[in-house]
Structures are given as structure tokens and as C-alpha cells.
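Reader: Got a minute to walk me through this one? I'd like to start with the ligand.
Author: Sure, here it is.

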Amino acid sequence: MTQPLQLKAYAKVNLGLDVLRRREDGYHEVRMIMQTVKLFDLITLQKNTCGQIRLSSNLPYLPLNEKNLVYRAINTIRTAYNIPDGVDATIEKHIPVAAGMAGGSTDAAAALVGMNQLFSLGITQEELIKHGLTLGADIPFCIMRGTALSEGIGEILTPLPSIPACWFLIVKPTFSMSTKFVYENLHLDEQMKHPDIDGMIQAINHNDLTGITYRMGNVLEQVTQKHYPAIIQIKENMRRLGALGALMSGSGSTVFGIFTSREAAGKAAEFFRKDPGIKQTAVVRPFSKDLPQSKPHKNHKHFTNSTKKYHSSTQREKYSGKRGRRNTHEGHKS
Ligand code: ATP
């Protein structure tokens, strides 16, 4: 029996989320500012000799078959690289499920990275990202991590400098949101208020936390707040308790606030924990890929010219070829 391999699968929030148009195939073209946060699931992988993929999890309601993205990620690598061994995978969930934090996508990303390590396959990150894209539009970002602009249907990624040091308060209400429902009820022809994504990129480039929080916006809130006004209430309370900005992440229902001190974020978390309408809270830092955040200007300099885009026409072709296998995870579709 080989040693088990344990990986952290980090959640994301959207600092900004704009939807540009609905494509003819039903997918939505988006412009999003993605931010990895240090709230993570633990994925453990171990080879087995029975030749099967066997999943277990601490959450009883999580599917443990091919409906689970971890299963599909392992299977994708086994098939692509003709691996006869089976894999046992445990999924210790801490990221709220169906909450707009890409929980399933990041677990799949960790499984792809883990399979590469477990079987010493030497797959490049670019190649892993291509495999990830066949499983879901958010998976490439979950492999890349950090701060990024995400365009297309979520597959065109441009890395951005790390945001300044701050604290995120994550609040998951007791109700969940279906991504499909939210996109189905998004009517782009209406007079919509769109977030200033370009302004936010500038603020990120200038290491300007106030400028970032000032521009936080998510078009999908205009759908979810109609059905769940509690989201407005949570945001108002976060601001009242000291958040520079508060926003719903992705298609919800998670709401996050950005604070400059851990103490203030912690106090706000205490307030929400007493609320029976809140299921889970967490106070976490943003995940930064580069230099320590105590030296933000160095980060900035380091990344100013970093505009490499993780996208190719091959990815797009491959993606459209797999359309029949997509589920709600795989794109921003209604
Ligand atoms: P996104 O932000 O990408 O829209 P989400 O955070 O809203 O995703 P997930 O937590 O990924 O949503 O869960 C959506 C559905 O995916 C759940 O109903 C769950 O049953 C299924 N699922 C499959 N695999 C996983 C996994 N490893 N972790 C969580 N959910 C999973």
C-alpha cells in the first residue's frame, strides 16, 4: 500500500461578477474577478489494487459516485494516461455546498493535481487546466488559484496581482441557491446595474483595498435578492459591523465581507453565529500565490506585467466537443 496524499482544495469568492450576454448554446459570457480564500476542503488520495474509484466523505448527502466531481477528475486522468490502479479518495468538506464558492470545482482541481503527483505523471499545469475545463468552467481557476480575471464562459484566465492584506468573513445562510435557477432568472435585457470590472482591475493593480471594495458588485444579486431578501440584510449587517464591502459570491447563497482587521471580522462572525438563519461562518485570509502580503508593493511590482492568459482555441474546441456531458458545474448556463 502506498502513502496517502493529502491536498488542500481552496474555495473562491467573486470580488466582481458581470454577465455580458447569453450565448446561443445557453451558456453565459462572464467577466469575473476571482479570488481564492483560505477556506479549504481536504482531499486525500491513495492508490488501491482493486482497480476502482472509491469515495468517502464526512458529508452524508454528498454523492459518492460519478456525480461527484472528484470521481470524474480521477477518472479523467486514469483514462487519459491508461492507469490500471484504482484510487481511494476521501473528501473532508469544510466549504459550504451549493453556495457559490466553487466547492465541487476546487475538489476536482485538487484531485487532478493529486493524480499527477500520486502517479508521477509529469503533467504540466497547462495540460491539467485543459483536463479541468472538460469537467467544469471554474476548474481551471481552481487549479491556478490566487487572483484572476475570468472571461469567456469562465475559461479565459488572466492572473492579477495579489490583493492587499485583509480578512474575509464568509457567511452561509441556511438556504442554498441553485446556479441553474439563478441564471435562468437573469434577464439581461432589463436595466441592469453592471459592476465596474475594469475599475476593479485598476484598483488591484494599484494595491488599493478601498478602491477594490468600492467596486465590488455581482449582477446575480439582482436575481437572488428578489427571492431571498435576507442577502440584503446580511450585507447591511456586515457593513454596519465594519466591513469595507460586502457581496454575494457567485450565484449565492454565501455572502462575504472584507475587513481590515481580524478582530472586527471575528466580532462580526460572532454576531452572525447567533442568527438562526445562518448555517456557517468563517474568518479567513485571501490566498496569495506570490510574496508575503506584508510586502504588498513587491507583489505589485512582481505582477504588473503578468498578463499571461490561460486559453487556447484547442481548449475551446475540446470544450464544445464535450457539451453533452456537462452539468450545472460545467459552465454558467441556464
Ligand atoms: P459554483 O460556485 O461552482 O457554482 P457551488 O459552490 O455553488 O459551485 P458546489 O458546492 O460545487 O456548488 O455543489 C453543487 C452541487 O454539486 C451539489 O449539489 C453537490 O451535490 C454536487 N457535487 C459534486 N461533487 C461535489 C463535491 N466534491 N463537493 C461538493 N459538491 C459536489
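Reader: Which helix gives the largest share of the shell around the ligand?
Author: That's H2, with four residues. Helices here are DSSP runs (H or I) of at least four residues and strands are E runs of at least two, numbered from the N terminus. Bear in mind it's a predicted model: local features need pLDDT of at least 70, side-chain atom pairs count only at pLDDT 80 or more, and totals for chains, interfaces and linings use all residues. Residues are numbered from 1 along each chain as its sequence is written.

Reader: Which residues come nearest to the ligand?
Author: Asn68, Ala102, Gly103, Gly104 and Asp107, out of 22 around the ligand. "Near" means the C-beta atom, placed from the backbone, lies within 6 Å. H1 (69-80) and H2 (103-118) each supply at least two residues of that shell.

Reader: What's the mix by class?
Author: 10 nonpolar, nine polar and three charged. Asp, Glu, Lys and Arg count as charged; Ala, Val, Leu, Ile, Met, Phe, Trp, Tyr, Cys and Pro as nonpolar; the others, Gly among them, as polar.

Reader: Switching to strands, how do E1 and E2 pair?
Author: E1 (residues 5-22) and E2 (residues 28-48) are antiparallel, over 16 bridges. DSSP has to find at least two bridges for strands to pair. Leu5, for instance, stands opposite Leu45 in E2.

Reader: And what's in the hairpin?
Author: Five residues lie between the two strands, and Gly26 has a positive phi near 95 degrees.
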